Amino acid sequence: MSIEPDPELLGALDAWQHRAVAHQPPWPDAAHLAAVRDRLTTLPPLVFAGEADALRAELAAAGAGEAFVLQGGDCAESFADATADNIRNKIKLLLQMAVVLTYGASMPVVKIGRMAGQYAKPRSAQTETRQTEDRGAVTLPSFYGDCVNSHLFDARSRTPDPERLLDGYHAAASTLNLIRAFTTGGFASLLRVHEWNRGFTRNPAYARYEEIAAEIDRAIRFMAACGVDVESLRTVDLFSSHEALLLDYERPLTRIDSRTGLAYDCSAHFLWIGERTRDPEGAHVDYFAQVRNPLGVKLGPSVTGDDALRLLDRLNPTGEPGRITFITRMGAGTVRDALPALVEKVTADGRPVTWTCDPMHGNTITVNGYKTRRFSDVVDEVAGFFEVHRGLGTVPGGLHVELTGDDVTEVLGGSEQIDADGLARRYETLVDPRLNHQQGLELAFQVVELLRAH
């Protein structure tokens with residue numbers, strides 16, 4: 001029997017519209033936007049409440065040191081790249097990294113993709129100016145992600161179009177369909193760990209992975225010989241996530257759970273509030289205080305312990321385990337100084353949070369005109385994150401990284417030794433640089449050593 005929606009809850013879900021809404025695109029036609037919102041409210045949910053509840057329980061385990069979170073995927077997904085090959089390659093890399101972490105640290109890994117919804121990005125400025133040969137300086141709206149406008153630099157492409165919100169929904173639906181097929185249809189089976197490595201050239205990271213794959217093979221054969229049913233090793237859970245930036249997309253995809261009468265944002269299992277939209281009195285925090293999904297909040301080097309506690313007051317006043325993940329993005333040169341006071345203040349409060357490290361966004365530099373990061377800085381920030389938690393006796397709960405399963409050249413360094421000139425070889429990201437397949441595996445091996453030490 002379904003529970004009727006609570007009118008008070010429905011009112012609370014729309015109260016964000018009376019607050020300041022940061023970093024929204026300049027939609028040119030309010031009536032068109034309203035019509036698209038109405039259409040989104042009639043479409044089926046992309047995920048289900050029970051799946052979000054299961055993830056919340058797993059995140060609670062990670063916060064208690066009983067599991068480790070691996071969250072990764074594109075900086076900004078594109079509609080054009082929502083192909084079977086691209087999706088499979090990202091899943092393959094996440095599975096390989098998870099295998100390395102699970103086997104190396106003897107710990108369950110909570111797998112979350114930055115997938116099936118990462119189609120919008122906040123921008124520092126609403127407009128972008130470029131020099132053209134025929135017209136001189138041209139100023140157009142910034143690229144906000146495929147859910148808003150096109151990366152192409154012309155007036156028509158850069159005008160925000162609400163129809164793209166519907167395109168984003170359908171791209172997310174097809175991506176989730178493939179994710180479910182790959183993770184439950186045999187592709188993700190631990191019996192196929194060697195196959196995930198096929199097609200990649202031999203190098204130290206892949207060779208180390210092959211060693212682990214061989215050991216897993218032996219362990220599975222041993223279990224099967226002992227009569228253990230290994231069928232459960234054929235499937236995995238891979239949850240979806242994205243930055244919850246566009247409230248004109250998130251609100252229409254919110255549904256009332258027929259079991260409980262509570263609200264869930266059914267655009268993804270896990271939503272995070274960005275560093276630029278985490279104002280405790282802003283619209284994003286107000287809205288997500290009303291939904292039951294597990295939530296992340298990005299915290300940069302300027303955040304204080306009091307800031308974090310105000311966010312907990314708004315988003316998790318009762319201290320429910322697994323509800324809040326604080327994703328710290330401090331920078332390699334700052335993490336060891338800025339993080340301890342923050343963790344101490346939150347720990348003293350007593351309400352549980354899951355701490356994860358985003359070692360990408362605090363380490364962005366520009367080289368030869370390319371936005372990039374140094375792999376050594378990424379590794380160093382993760383090491384600093386672990387050092388702080390080890391010193392305080394708290395739990396480093398996970399890793400949040402921008403990555404791709406392809407052999408791009410967007411991040412400097414790694415065992416491939418990508419240099420400044422090498423960036424131009426395969427620099428394909430639409431916004432921020434991502435770890436490639438090999439660098440992702442290298443990072444996983446580094447994290448194993450940190451987990452063992454911790």
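These legends go with several close-up views of a predicted model.

**View 1. A ring of strands closes on itself to form a barrel.**
Eight strands make up this closed barrel, and the pairing is parallel. If you want to trace the ring, follow the order β1-β2-β5-β8-β9-β10-β11-β14. Going from one strand to the next, the twist averages 25°. As a reminder, strands of a sheet pair through backbone hydrogen bonds, and the pairing can be parallel or antiparallel.

**View 2. Here strand β5 sits beside its partner, strand β8.**
β5 covers residues 239-243, while β8 covers residues 270-273. The two strands run parallel and are joined by three bridges. Which residue of β8 is the bridge partner of glutamate 243? Look for tryptophan 272.

**View 3. Helix α4 runs from residue 84 to residue 105.**
Does the length of α4 fit its residue count, and what would we expect? With 22 residues at 1.5 Å a residue, α4 should span 32 Å, and its end C-alpha atoms lie 31 Å apart, which agrees. Is this helix mostly enclosed or mostly open? Of its 22 residues, 17 are buried, so α4 is largely enclosed by the rest of the structure. Right after the helix comes serine 106, with a positive phi of about 55°.

**View 4. The largest cavity holds about 70 Å³ of space.**
The model has two cavities of 30 Å³ or more, and this view shows the largest one. Its lining is made of Gly117, Gln118, Tyr119, Ala120, Cys147, His242, Glu243, Leu246, Tyr249 and Glu250. Strand β5 and helix α8 (247-250) each contribute at least two residues to that lining. Sorted by class, the lining has five nonpolar, three polar and two charged residues. You've already met one of them: Glu243 lines this cavity and has tryptophan 272 as its bridge partner in β8.

**View 5. The second largest cavity has a volume of about 40 Å³.**
Around it you'll find Asp74, Glu77, Ser78, Asp81, Ala82, Ile87, Lys90 and Tyr119. How many of the lining residues are charged? Four are, alongside three nonpolar residues and one polar residue. Keep an eye on Tyr119, which lines this cavity and also the largest cavity.

**View 6. The largest pocket has a volume of about 640 Å³.**
Its lining counts 30 residues, and those nearest the centre are Pro122, Arg123, Lys371, Val431 and Asp432. Strand β3 (residues 127-132) gives the largest share of the lining, with three residues. By class, there are 14 charged, nine polar and seven nonpolar residues in the lining.

**View 7. The second largest pocket takes up about 470 Å³.**
A total of 24 residues line this pocket, and Val99, Thr102, Lys111, Leu190 and Val236 are the closest to its centre. Two or more lining residues come from each of α3 (49-63), α4, β2 (109-114) and α7 (204-225). Which element gives the largest share of the lining? That's α4, the helix from View 3, with five residues. The lining of the second largest pocket splits into 18 nonpolar, three polar and three charged residues.

Methods
Residues are numbered from 1 along each chain as its sequence is written. This is a predicted model: local features need pLDDT of at least 70, side-chain atom pairs count only at pLDDT 80 or more; totals for chains, interfaces and linings use all residues. Side-chain values use heavy atoms; hydrogens and water are left out. Two strands pair if DSSP finds at least two bridges between them. Helices (H or I, at least four residues) and strands (E, at least two) are DSSP runs, numbered from the N terminus. Axes are lines fitted to C-alpha atoms, for helices over the stretch in contact, and angles run from 0 to 180 degrees between N-to-C directions. The expected span of a helix is 1.5 Å times one less than its number of residues. Buried means under 20% relative accessible area, exposed over 50%, partly exposed in between (1.4 Å probe, protein chains only). On a 1 Å grid over the protein atoms alone, a cavity is a set of points where a 1.4 Å probe fits but cannot get out, and a pocket is an open set with protein on both sides within 12 Å along at least five of seven lines; lining residues have an atom within 4 Å of a point. Grid points are joined across faces, edges and corners, and a volume is the space filled by probe spheres set on the points. Ala, Val, Leu, Ile, Met, Phe, Trp, Tyr, Cys and Pro count as nonpolar, Asp, Glu, Lys and Arg as charged, and the others, Gly among them, as polar.
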